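Trainee: Got a minute? I'd like to walk through this model with you.
Mentor: Sure, put it up and ask away.

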Amino acid sequence: MFSQLKARFGAPLSVGVVALIAVWLIGMVILPQLLMVDYSFKPNLLPSEIGSDKDRYTLENYATLFGNTIHLTIFFKTIWSSVLVTFLTLFVSYPLAFYLAKVATPKQAALCLLLLLIPFWINEILRTFSWYIILAYKGPLNALLLGLGFIDRPIRFLSGDGGVLIGMVYAYILFMIFPIYNAIESLDGNQIKAARNLGAGWIRTHYRVIVPHAKPGIATGCIMTFMLAAGSYAVPALLGSPGSRWFTQIIYNWFFEGGDWNQGAAYAFLLLVICIGFIGLVMKVFKVGLGDIAR
């Protein structure tokens with residue numbers, strides 16, 4: 001990387017760019033994570049107790065999670081729901097990405113991309129709250145379904161996790177579409193034509209030609225969507241029912257309502273470990289490396 005920057009911009013500018021990247025990584029990523037880990041292994045103490053015999057490393061904060069059935073259930077539900085959000089987003093995004101990359105004309109693709117981007121010029125809270133209005137018991141969706149005669153009485157879309165799943169798919173769809181779109185766009189169209197001329201149907205063409213080429217983009221989209229879904233707070237807080245909590249809400253409560261940063265750090269670190277494990281699993285399943293994803 002440094003040699004490429006040096007060849008393009010010269011040594012002084014390259015050193016400055018690398019130094020800025022290093023400062024950003026160390027100051028904004030590495031050090032906060034290390035501090036979080038340090039907090040997670042220490043008990044929550046009064047200021048007067050810091051430095052005393054009680055100020056020692058312990059696993060009590062982690063034992064709290066595994067000893068609390070409710071929190072543990074919410075933890076696993078959050079992981080499973082994040083995986084489901086990832087698959088739903090992939091299911092919706094892949095056809096759109098293929099259409100934009102290989103079917104639509106440049107003008108059509110530009111228009112579709114603009115229509116996808118415009119809603120994201122609005123704050124995430126407002127976009128999520130719009131789904132709260134749409135999915136409400138007396139909201140526009142129920143009114144439309146009642147008017148068309150599809151249902152006899154309104155449906156409570158926000159009574160479970162359904163509203164959260166819909167909101168998350170909508171909130172993170174661009175993080176899935178763009179990596180897949182970039183990967184498919186680089187595929188030579190002659191390969192698709194050759195497969196079709198040799199008698200392959202569209203399903204076989206996608207399975208044998210397009211998907212293998214788009215694996216890095218699919219892996220990148222899945223990783224980004226899963227991590228955003230697992231770490232989301234606003235969407236489940238607005239669209240989730242009282243009985244449908246997300247693990248990030250518990251972490252928030254430990255930090256800002258319970259005032260126990262050490263316990264919150266332990267919960268947050270466990271969630272981070274799961275996210276890192278998911279990244280490794282996706283890379284293994286799709287047989288891609290960090291270099292492939294970075295492209």
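Trainee: Leaving aside neighbours within four places in sequence, which residues is Ile218 in contact with?
Mentor: This is a predicted model, to begin with. Ile218 is in contact with Leu90, Met176, Ile180, Val211 and Phe286, once its neighbours within four places in sequence are left aside.

Trainee: And which residues touch the most other members of the largest nonpolar core?
Mentor: Ile218 is one of them, along with Ile180, Ile184, Ile210, Phe226, Phe247 and Leu271. That core holds 53 residues. Helices supplying at least two residues each include α4 (69-103), α8 (162-185) and α10 (202-230). α12 and α13 also do so.

Trainee: What about another core, apart from that one?
Mentor: There is one of 13 residues. Val85, Ala171, Leu239 and Trp246 are among them.

Trainee: Switching to pockets. What volume does the largest one have?
Mentor: About 360 Å³. Its lining counts 13 residues. Met227, Thr248, Ala268, Leu271 and Leu272 lie nearest the centre. Note Leu271, which also appeared in the core list.

Trainee: Which helix gives the most to that lining?
Mentor: α12, with 5 residues. α2 (11-40) and α13 (261-286) each supply at least two.

Trainee: How does the lining divide into nonpolar, polar and charged?
Mentor: 11 nonpolar, 2 polar, no charged.

Trainee: Where does UniProt place "transmembrane region"?
Mentor: The unreviewed entry puts it at 12-35, 79-101, 163-181 and 264-286.

Trainee: How much of 264-286 is helix in the model?
Mentor: 100%, with the end C-alpha atoms 33 Å apart. Residues 163-181 are 100% helix too, and there the end C-alpha atoms are 27 Å apart.

Terms used. Residues are numbered from 1 along each chain as its sequence is written. This is a predicted model: local features need pLDDT of at least 70, side-chain atom pairs count only at pLDDT 80 or more; totals for chains, interfaces and linings use all residues. Side-chain values use heavy atoms; hydrogens and water are left out. On a 1 Å grid over the protein atoms alone, a cavity is a set of points where a 1.4 Å probe fits but cannot get out, and a pocket is an open set with protein on both sides within 12 Å along at least five of seven lines; lining residues have an atom within 4 Å of a point. Grid points are joined across faces, edges and corners, and a volume is the space filled by probe spheres set on the points. Helices (H or I, at least four residues) and strands (E, at least two) are DSSP runs, numbered from the N terminus. Ala, Val, Leu, Ile, Met, Phe, Trp, Tyr, Cys and Pro count as nonpolar, Asp, Glu, Lys and Arg as charged, and the others, Gly among them, as polar. A nonpolar core is a set of buried Ala, Val, Leu, Ile, Met, Phe, Trp, Tyr and Cys residues joined through side-chain atoms within 4.5 Å. Buried means under 20% relative accessible area, exposed over 50%, partly exposed in between (1.4 Å probe, protein chains only). Contact means heavy atoms within 4.5 Å. UniProt positions are given in the numbering used here, feature names are shortened, and annotations may be inferred rather than shown by experiment.
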